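Q: I would like to learn how to read a ligand site and a domain interface. Where do we begin?

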Amino acid sequence: MECLERDQGLPLNSPDRAVVSSSPLQIMSTVRTVPTTQETAELSYGGKTFQLPLIVGSEGEKAVDIGKLRSQTGLITFDPGFGNTGACKSAITFIDGEAGILRYRGYPIEELAQHSSFLEVAWLLIHGELPAKAQLEGFAKEVTYHTMLHENFVRFFGALPKDAHPMPVCAAAVGALATFYQEAENEETIHKNVIRLIAKMPTIAASSYKHFVGQPSVYPRNDLSYCANFLRMMFSNPCEEFQLDPLHAKALDLLLILHADHEQNCSTSTVRMVGSSQANLFACMSSGISALWGPLHGGANQMVIEMLEAIAQGDGSAERFVQRAKDKNDTARLMGFGHRVYKSHDPRAVILKRYCSEILDRIGPSHPSARLFDIARKLEEIALKDEYFVSRKLYPNVDFYSGVIYKALGIPTNMFTVMFAIGRLPGWVAQWLEMRRDPDFRIGRPRQVYVGATMRPVTPQ
Ligand code: ACO
């Protein structure tokens, strides 16, 4: 009860308290039995032939089950960067990288982007089905009423350096939630903590930015939507109330939907790996935020805008930058290009490019983002005709155009990856829950091929 009290800062007899005591969400058990097949793969080694079972996914993807490979043959597999390793079975997100397909729970991303809200998609990812109207209203209400942070967070943010990047601040703050909600994890407390996470993440994100600019945090408001509330917490200050442009809230909602899940990428695999030790939910989400920060992952959206701005402030030549990106002796990379999985196009980038045009039409050609969008389009046009990018199957990824939209919404560059983290949270939660409910769940523990010194004696000096 004490945690609930601290959670909302509401008096114990407040009618709003009823919201937190609702019964736990029925989070569906999402890992289905893996379809079996009579087929096997044959491996010849040491004069013997071994039959390795195959498993097959619901979209026909086949995998060799090497679980018994070591005990049968003494061999392990070697796959740096896990480029061809299935680490789990999952029923959440399907990607066909060759065809440029992305689906959440079977629904095409294009249709969700057109018809759904972020909270609807969050529910879908976590529960497996789109919510009925009453379910969505209940979920939105729960999320709305858990947005406040404990007042001790004021001192928490205050203890960090003035110019702290908001991404590690968010990782630290989300990890710190574990110190406020210490109940043992069971269905009920996990339900509450999932709601708290999704509700408090925008408040944490906005507070981390307010700390960075030296302004007091803005308290959330329960009458605003998820995205409108976030924008207000970002842009209001004690002297001036923020005037919300509904177009901005809608654009943000779309971006969060596109970020919401992307199967076993670096940050999600990190969440699963940390979670496999049965670490606490908040600790796992904090690890996901840290992994997302890297410039080769979510941090690329900040790098893309910095690249576009550097081109705009320099000679403005997209051609010259593409030449640099191809030069192995130059450290420049075409940020926002290339993807481990997508080898034709990233469907999220296609949606965002279209949306960029729409939003910039509304904002007007004199907005600084319009110039950056022009440069981005030029870079894409050149790269998609260039043999280097074509032969390596490098296409714009989600980060290539998302930064231009964030910029158009007035989101500061160092907050771009934080925005990605807000969007990815439901995906991480869904993957974490799925992992815990998987009957084959085991602690993550890869092997290695040791290449260091063989045994040698210590020679006393
Ligand atoms: N610019 C120039 N060359 C590139 C780029 C790029 N953006 N991306 C890949 N290449 C080249 C590599 O140098 C390599 O060339 P080589 O075969 O001559 O050695 C080849 O393409 C294959 O690239 P890898 O780095 O091996 O591909 P990998 O699958 O390991 O990496 C990654 C994928 C990290 C996304 C990479 O394409 C990249 O660094 N892109 C830029 C950063 C970026 O946009 N990250 C966001 C990804 S989306 C996300 O995480 C949300």
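**Ligand site and domain interface**

A: Begin with one contact: an oxygen atom of the ligand sits 2.8 Å from a backbone N or O atom of Gly336. This is a predicted model, in which local features need pLDDT of at least 70, side-chain atom pairs count only at pLDDT 80 or more, and totals for chains, interfaces and linings use all residues. Residues are numbered from 1 along each chain as its sequence is written, and side-chain values use heavy atoms, with hydrogens and water left out.

Q: Which side chains place an N or O atom or a polar atom by an oxygen atom of the ligand?
A: A polar contact is a pair of N or O atoms within 3.5 Å; within protein, one must be able to donate a hydrogen and the other to accept it, and residues adjacent in sequence count only if both atoms are side-chain atoms. Here, Lys328 has a side-chain N or O atom 3.0 Å from a ligand oxygen. For Arg392, a polar side-chain atom is 2.9 Å from a ligand oxygen. The protein buries 75% of the 920 Å² that the ligand exposes when taken alone (Shrake-Rupley method, 1.4 Å probe).

Q: How many residues surround the ligand?
A: A residue counts if one of its heavy atoms lies within 4 Å. The shell holds 20 residues, with Arg333, Leu334, Gly336, Arg340 and Tyr388 the closest.

Q: How is the size of an interface given?
A: Often as the accessible area lost when the parts come together. Here that area uses a 1.4 Å probe and is summed over both parts. Domain 1 and domain 3 bury about 1800 Å² between them, 73% of it on carbon and sulfur atoms. On the domain 1 side, Leu247, Leu255 and His262 lose the most area to domain 3, together 30% of what that side buries.

Q: How many residue pairs are in polar contact across the interface of domain 1 and domain 3?
A: The rule finds four such pairs, both residues at pLDDT 80 or more.

Key: Buried area = accessible area lost by both parts, 1.4 Å probe.
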